[in-house]
Amino acid sequence: MKFATFVKDGKQQSGVVADDRVHPFDRPVDLLDLVTEGEDALRTAGIRALTRSLPVPLPDVRLLPPLQPPTVRDYMTFESHVAGVAQGYGDTVPEEWYAAPAFYFTNPYAMIGAHDEVPVPPGCHRFDFELEVAAVVGKAGRDLTPEQARAHIIGYTILNDWSARDLQGREMKVKLGPAKGKDTSTTLGPWLVTADELEPHRNAEGFLDLALTVAVNGETVGQDRLANMAWTFEDMAAYASRGTWIRPGDVLGSGTCGNGGCLAELWGRNGLFEPPPLVPGDTVTMTVEGIGTISNTVVEGVAPVPLASARSRR
């Protein structure tokens with residue numbers, strides 16, 4: 001099943017998507033609350049909506065992020081992406097990358113919908129996208145094995161980790177971050193696809209083998225397959241739960257795919273800023289087999305509020 005959160009006539013609702021229509025739940029309920037109640041509750045609500053509610057055509061609604069995640073861990077699991085970006089700095093994939101699926105925590109309050117406008121971050125002059133797939137946690141657990149973790153993933157969605165590369169590069173020189181380089185917007189959508197829907201795409205190694213495509217202004221920039229990840233989502237969930245809890249609604253991003261999954265990889269391989277950074281008016285469209293399509297247009301952002309430089313105390 002596919003579950004969406006949307007706005008219709010100024011009212012926020014959730015429901016199940018089928019045949020280019022969304023069937024609202026028959027009671028006001030947040031999708032995260034249903035995810036927290038468990039897979040059976042989510043499926044029961046979906047069946048009830050399909051059989052009892054009056055459907056609304058998708059073009060008549062504004063899609064919001066499927067849910068408001070409590071936390072968002074964004075990983076870096078595509079070796080070709082890491083290699084391409086490193087090449088731009090005259091570097092190679094560090095040995096430490098191979099040891100474990102590294103991630104950072106990004107801003108859960110920055111989620112935007114599948115077709116929302118995305119503002120250029122304040123002070124950014126090198127704006128970029130990142131094509132990712134995200135797993136959504138469906139039940140709590142800690143110190144899980146990868147085998148146990150499969151039952152804790154309730155579904156998947158598309159994630160675009162918008163990135164201010166100039167801000168990111170500057171702040172990471174102090175050995176922290178990314179922070180403001182990744183802080184303004186993250187697209188999540190168009191909906192949550194339950195894990196069982198994608199099981200037919202699972203290959204012999206346990207990876208979901210889905211086609212990934214990203215285009216800027218209608219021109220394809222990158223293509224890859226999700227099966228090129230170095231770790232499965234179950235590996236990632238198990239690692240996230242090591243020594244701590246993962247809880248319903250937590251989002252685990254795959255990290256940027258390779259072969260043009262972001263501009264920074266292409267800049268690193270080409271040795272120049274080609275294709276150019278995103279500017280207002282550019283539209284970035286991402287399609288993931290079995291999940292759907294998101295498409296966001298870049299708009300002008302706001303100027304950064306000035307801050308004083310550090311007061312040196314040495």
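Start by selecting L278 in this predicted model. Setting aside its neighbours within four places in sequence, you will find L278 in contact with F127, D128, F129, W162, V216, L263, V284 and V298. Show those side chains as sticks and keep them on screen.

Next, widen the view to the largest nonpolar core, which has 64 residues. L278 is among those with the most contacts inside this core, together with F129, Y156, W162, L226 and F233. Colour these six to have a reference for the rest of the tour. Another core lies apart from this one and has 22 residues; to find it, select F3, V29, I154 and V251, which are among its members.

Now for the pockets. Turn on a surface and go to the largest pocket, with a volume of about 1,300 Å³. Select M76, V85, Y89, Q168 and M172: of the 41 lining residues, these are the closest to the pocket's centre. Then colour the elements that each give two or more residues to the lining: strand 6 (72–75), helix 3 (79–87), strand 7 (103–106), helix 5 (165–171) and helix 8 (263–270). Which helix gives the most to this lining? Helix 5 does, with five residues. If you colour the lining by residue type, expect 18 nonpolar, 10 polar and 13 charged residues.

Your last stop is the second largest pocket, with a volume of about 350 Å³. Select P121, P122, L167, R170, E171, K180, D183, T184 and P304 to see its lining. Here the residues divide into four nonpolar, one polar and four charged.

Key
Residues are numbered from 1 along each chain as its sequence is written. This is a predicted model: local features need pLDDT of at least 70, side-chain atom pairs count only at pLDDT 80 or more; totals for chains, interfaces and linings use all residues. Side-chain values use heavy atoms; hydrogens and water are left out. On a 1 Å grid over the protein atoms alone, a cavity is a set of points where a 1.4 Å probe fits but cannot get out, and a pocket is an open set with protein on both sides within 12 Å along at least five of seven lines; lining residues have an atom within 4 Å of a point. Grid points are joined across faces, edges and corners, and a volume is the space filled by probe spheres set on the points. Helices (H or I, at least four residues) and strands (E, at least two) are DSSP runs, numbered from the N terminus. Ala, Val, Leu, Ile, Met, Phe, Trp, Tyr, Cys and Pro count as nonpolar, Asp, Glu, Lys and Arg as charged, and the others, Gly among them, as polar. A nonpolar core is a set of buried Ala, Val, Leu, Ile, Met, Phe, Trp, Tyr and Cys residues joined through side-chain atoms within 4.5 Å. Buried means under 20% relative accessible area, exposed over 50%, partly exposed in between (1.4 Å probe, protein chains only). Contact means heavy atoms within 4.5 Å.
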